[in-house]
Amino acid sequence: MQLDVFSTIAPTVKLTGIVTGVIDAKTDGKLHFAIFNLKIGTDKHRVFCRFGTIEDQPSVDDIWHVTGEHEDDQRYGPQFIATAGERKPIDVDTDQTLVCDYIQQSKSFSGIGKNWVEKMNKAFPDSLVKTLETADTVTFIKHPRLKMPETLAESLLSGWRQCSTEVKLLKFLNKKQIPRALVSKLTRLWGRQVIENLEADPYRLLPLMPAKNAIDQWRTIDKIAHAQFSIQKDDPRRALAAIEACLYQAYDTNGHMALPIKNVQRVLDDENIKYTVAEVARQHGQFTLVIHQELKLVQSLGHLALEKITAKRLNDIAYSPDSYTLTYQESLLLEFIEQARIKKQVKKFKLDDNQINAVKFVTRSRLSLITGGGGTGKTTIITAILHQHEARGKPVWLLAPTSKAARRLAEETDHKTETVFSFVLQIGELIRSGELQQTLIIIDEASMLDTPSIYTLLKLLPNNWRLCLVGDVKKMEPMGPGLVFHQLANDPNLCVTINRSYRQDGISDLHKFCDAIGRQDLKPASAVLYPYAKGTQSDVTWRQTESSSVRAMVKSAQNTWYDLYKVGKEPQLLASTRKICDQINQEQQKIRNFKKKLPSREIYERKFIEGDTVIYEQNSRELAISNGSVGKICEIYSNTRFKDGRQCIIKIEFEKEGVKYMTEKECLFMDLAYCITIHKSQGSQYDNAIVILDADYLIDNSWLYTAVSLARHKVVLVGDLEFIKYTINSPSNAARCYIGSPIKIQETK
């Protein structure tokens with residue numbers, strides 16, 4: 001007996017049509033995802049393209065060719081699941097019916113409606129594309145079947161020239177083996193001169209490629225330049241692009257504003273480029289590179305401009321005749337101290353001389369800094385400065401880099417606090433309304449701000465305001481490039497350093513440990529660091545893992561978390577890498593929802609459950625959410641709900657920004673927050689913390705100092721004891737950040 005075999009594989013289908021609407025589209029810089037509507041004649045298809053199936057994102061009016069299969073989805077109904085797809089140019093081989101649909105739909109052909117398209121189809125059967133390529137307006141005006149008005153004929157040919165330019169570019173990119181995904185960036189940058197610019201220098205593609213792997217991207221472009229553009233190994237354009245790639249990568253990945261010449265020269269030598277950095281900069285890079293002879297550094301001209309403008313704006317603030325300073329009033333300080341004593345419900349409250357000097361200094365200064373470790377009273381000083389100003393009707397704005405830092409500052413000062421990002425969005429309106437006239441802006445946790453962030457803020461504000469930056473110079477360097485706060489903190493004429501810790505009666509072991517890390521002093525740090533044991537009362541402990549594997553570290557961290565959770569001291573889990581955070585987050589989600597049947601949803605191959613704690617990892621102008629905002633999922637919708645005209649799938653209550661309804665697209669940058677990286681945690685405070693030392697190449701003294709300073713009461717370090725000791729003694733990465741033009745605050749004569 002023979003059994004018949006039935007195929008369960010759906011037949012592969014190929015569709016070519018016009019994009020009439022893009023429902024959703026996302027990219028991480030390399031891979032693309034999209035859901036769009038494709039019109040083929042009178043038929044319309046909903047096309048679903050997963051990440052990695054397409055090389056570019058679709059736009060309305062594009063012609064796309066997709067391969068895949070039809071599927072009935074329970075939620076969305078019939079849709080086409082694409083396994084591959086690409087944008088197609090129009091040429092003489094394109095089906096004329098598709099060309100007619102394209103002209104009728106595209107906004108490039110203003111005034112050319114259905115009737116005119118039908119007339120052209122009859123007037124030029126099977127030759128419309130060729131006619132549009134070669135004819136002039138007279139052809140369409142005088143054709144007996146058309147007699148098209150001159151304005152419409154001009155609109156038709158203008159739209160076709162735009163289409164033709166794009167067609168030629170796509171063919172050019174295909175011929176030269178350049179990624180087609182760059183076509184939209186190239187046309188925005190150079191318009192009709194794309195091919196001309198690339199023929200002149202193919203290395204001009206480099207700034208359009210991802211900066212994180214700029215040197216690898218340069219190697220890819222170098223192969224294309226050699227094979228497709230006949231660029232020789234001794235071509236100076238090749239050397240110049242290699243130097244720029246080094247600078248782009250260092251800027252984006254390591255936060256360097258410049259690089260040592262010897263480091264860049266090493267890359268040139270490795271790539272067999274027979275030029276010195278100095279030769280390239282002098283002969284071919286005079287408009288793109290700068291050599292700092294005394295510092296022995298090379299820098300991009302754009303990065304130098306960023307530093308110079310930032311320094312100039314800071315000097316404008318420091319010496320602006322348009323701004324004001326206040327006279328310090330002792331009576332207002334005494335008034336503040338009495339109010340603070342009553343609020344804190346203590347018999348005695350006072351500021352020490354160091355803290356009082358900080359209040360005096362900021363009140364009298366146009367540009368000032370306060371730096372100090374955790375528990376030195378920086379927030380109390382800020383509140384005292386607020387009282388000095390607001391008691392006399394002078395406005396003060398409090399800002400912080402992240403929503404968590406802003407929320408904490410608002411709670412501790414009882415004063416409205418904005419994130420730097422949200423404040424920048426409001427600057428134009430605030431200037432028009434006069435609310436920024438003669439104001440003092442105080443930015444807490446300012447050591448987190450990179451040069452581009454400071455630059456964006458400074459360039460938008462007028463000269464008649466004052467600035468006070470508050471932070472801890474011993475903490476981690478910013479995630480982005482530059483060290484504005486760290487540079488300014490070295491100027492004794494600008495900065496007041498607060499040393500004494502007074503957060504608790506006496507100094508806790510946790511603060512002793514943190515201070516010892518900041519001083520890179522192993523002996524006092526070791527004196528308060530104890531082995532971890534269940535039920536231990538020590539402030540600072542370490543837990544040795546079975547091995548240095550991710551699995552062993554996750555196991556130790558989870559066991560420690562459970563020990564503290566059972567006694568009502570639930571800690572925040574912190575690490576250095578996304579890899580270990582992702583693994584712990586998945587396990588934490590399973591533990592917390594064991595035997596619970598709560599609504600859940602898969603979003604971009606990640607599972608979210610109602611009640612999950614999440615973090616948003618991008619600034620969103622539309623949602624008014626700052627990078628690093630933390631919230632809790634209140635509700636997950638089984639069917640999309642319309643909120644403010646948007647199809648939302650989830651409701652989240654953020655700690656500072658409040659309730660937000662989010663679409664599926666907006667959830668791309670959302671992640672679980674049971675375990676987060678130290679970088680994302682900056683500006684936060686946790687009663688108890690578990691710190692996982694999971695990547696020695698990322699961890700230095702400032703990383704450990706920052707991690708420990710996040711805890712109020714207890715910290716457990718999970719990792720090797722010898723590595724902990726080594727880290728305490730190691731220098732900070734901030735000390736190794738290269739600056740091309742150091743900031744100098746000095747009055748010009």
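**Close-up views of a predicted model**

**View 1. Helix α9 and its buried residues.** In α9, the buried residues (under 20% relative accessible area, 1.4 Å probe, protein chains only) are Arg238, Ala239, Leu240, Ala241, Ala242, Ile243, Glu244, Ala245, Cys246, Leu247, Ala250 and Tyr251. This is a predicted model, with local features needing pLDDT of at least 70 and side-chain atom pairs counted only at pLDDT 80 or more, while totals for chains, interfaces and linings use all residues. Residues are numbered from 1 along each chain as its sequence is written, and side-chain values use heavy atoms, leaving out hydrogens and water. Helix α9, a DSSP run (H or I, at least four residues) numbered from the N terminus, covers residues 236-254 and reaches 27 Å from first C-alpha to last, close to the 27 Å expected at 1.5 Å a residue (1.5 Å times one less than its number of residues). Gly255 follows α9 with a positive phi near 75°.

**View 2. The largest nonpolar core.** Such a core joins buried Ala, Val, Leu, Ile, Met, Phe, Trp, Tyr and Cys residues through side-chain atoms within 4.5 Å. This one has 43 residues, and Ile243 and Trp218 are among those with the most contacts inside it. Its largest share, nine residues, comes from α9.

**View 3. Around Leu198.** Beyond its neighbours within four places in sequence, Leu198 is in contact (heavy atoms within 4.5 Å) with Phe172, Leu173, Ile178, Leu186, Trp190, Leu205 and Phe229.

**View 4. Residues where α22 meets α23.** Among the α22 residues that meet α23 are Val550, Met553 and Trp561. On the α23 side, the residues include Ile580, Ile584 and Ile591.

Terms used:
Helices (H or I, at least four residues) and strands (E, at least two) are DSSP runs, numbered from the N terminus. Buried means under 20% relative accessible area, exposed over 50%, partly exposed in between (1.4 Å probe, protein chains only).
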